[in-house]
Amino acid sequence: MLMSIALILLVGMFLGWVCKKLRLPSLLGMIFTGIILGPHILNLIDISILNISADLRKIALIIILTRAGLTLDINDLKKVGRPAVLMCFLPAVFEIIGMVLTAPLLFDISILDAAIIGAVVGAVSPAVIVPKMIKLIDEGYGTEKSIPQLILAGASVDDVFVIVLFTVFTGLAQGDKISAISFVNIPVSICLGIAAGFLFGFLFSKFFEKVHIRDTVKIIIILCVSFVLVTIEDVITVSITFSALTAIMFMGIAMQKYRREVSERLSLKFNKLWVCAEILLFVLVGATVDIHYLTDAAVPAVIPIFIVL
């Protein structure tokens, strides 16, 4: 396992650096690292790491969403209220519609299959969007009109909407009936996530104000609570749930509102954690890619994606 971790980090950093020199996103190099080291080519990543790959990727996502929340100012979100709400679902809707209109014409698939593919294509990855928007905020680009903040808010909630649609479409494909409660759960889970995040963020702010502990300990506490929230969401079996990832980001936003000085320090530390977490995340994503499928369907699959976008 130790050799696998060393290869993931070293090769991932190197290929990420190479891509950056070629003016390509560094995450492409990390994904290529996972493809090369993964089970479908060199098979140099230990199976024990692959078995916990989903959990490691989720930890990385928690780190970057917490960092996003600690960076966002609630006043900036208020400025972009309506556009931010539209950004949460409008792009995904148009991408799904685009796939439904084009994919059946290009491939021998049903409209329902096209809708499932559209839900996959329409999903936004916070792990890709959030670091770039944070960089824009730090550098001051577009902040006068709160454009990075708008995209951040949309990216964090978009997945809730798309996952529900994906679940509905796959359920229909398996012969299930459409449940109205699934669509009701979209705004409810988002609102409950925001409420839970603000509650925990407020409690953390008051606790850190009364109890003076090292910032490293604060980060451990925040991460542990985030892990618990994600676990609770996973084990809940009732129809109405809450969005744990939304809660995690708004926990950071609440801390930024009530304890700005502490949130700024913690944001810098989470940024350092992201250096390692980003490599693990995208290398392990690459490790799930079967290169043989790419050789069979790469060109035909790219065409509808570009049309939809």
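This report walks through the overall fold of a predicted model and then its salt bridges.

Let's start with the big picture. The protein has 14 helices and zero strands, so if you read along the sequence you just get α after α: α-α-α-α-α-α-α-α-α-α-α-α-α-α. Its C-alpha atoms fill a box of roughly 65 × 50 × 40 Å along the principal axes. For 309 residues, a compact globule would have a radius of gyration near 19 Å, and the 20 Å found here agrees with that.

How are the contacts spread along the chain? Taking contacts between residues at least 6 apart in sequence, 77% join residues at least 24 apart. As for burial, 42% of the 309 residues count as buried. The protein exposes about 16,400 Å², with carbon and sulfur atoms supplying 70% of it.

One buried spot to look at is Ser 226, which sits in helix α11 (residues 215–235). Its relative accessible area is 0%, so Ser 226 counts as buried. Leaving aside residues up to four places away in sequence, Ser 226 touches Ile 62, Thr 66, Ile 248 and Met 251.

Now for the charges. There are 23 positive and 22 negative side chains, and the centres of the two sets lie 12 Å apart. Side chains of opposite charge can pair when their charged atoms come close. The count of salt bridges comes to six, and the table shows some of them.

| Pair | Closest N to O distance |
|---|---|
| Asp 234 and Lys 58 | 3.5 Å |
| Lys 206 and Glu 209 | 3.9 Å |
| Arg 265 and Asp 215 | 2.8 Å |

Take Asp 234 and Lys 58, which form a salt bridge. Asp 234 lies in helix α11 and Lys 58 in helix α4 (residues 53–71), so this pair ties together parts 176 residues apart in sequence. Asp 234 is exposed at 51% relative accessibility, while Lys 58 is partly exposed at 33%.

The salt bridge between Lys 206 and Glu 209 stays within one helix: the two are three residues apart in α10 (residues 180–210), so about one helical turn separates them. Both ends are partly exposed, Lys 206 at 38% and Glu 209 at 37%.

Then there's Arg 265 with Asp 215, whose side chains meet in a salt bridge. Arg 265 lies in helix α13 (residues 260–287) and Asp 215 in helix α11, so the pair ties together parts 50 residues apart in sequence. Arg 265 is partly exposed at 33% relative accessibility, but Asp 215 is buried at 14%. These two also belong to a network of salt bridges linking Asp 215, Lys 218, Glu 261 and Arg 265.

Note on methods. Residues are numbered from 1 along each chain as its sequence is written. This is a predicted model: local features need pLDDT of at least 70, side-chain atom pairs count only at pLDDT 80 or more; totals for chains, interfaces and linings use all residues. Side-chain values use heavy atoms; hydrogens and water are left out. Helices (H or I, at least four residues) and strands (E, at least two) are DSSP runs, numbered from the N terminus. The radius of gyration is taken over C-alpha atoms; the globule rule is 2.2 Å times the number of residues to the power 0.38. Buried means under 20% relative accessible area, exposed over 50%, partly exposed in between (1.4 Å probe, protein chains only). Contact means heavy atoms within 4.5 Å. Accessible areas come from the Shrake-Rupley method with a 1.4 Å probe; for residues, only the protein chains shown count as cover. Lys and Arg count as positive and Asp and Glu as negative; His and the chain ends are not counted. The place of a charge is taken as NZ of Lys, CZ of Arg, CG of Asp or CD of Glu. A salt bridge is a side-chain nitrogen of Lys or Arg within 4 Å of a carboxyl oxygen of Asp or Glu.
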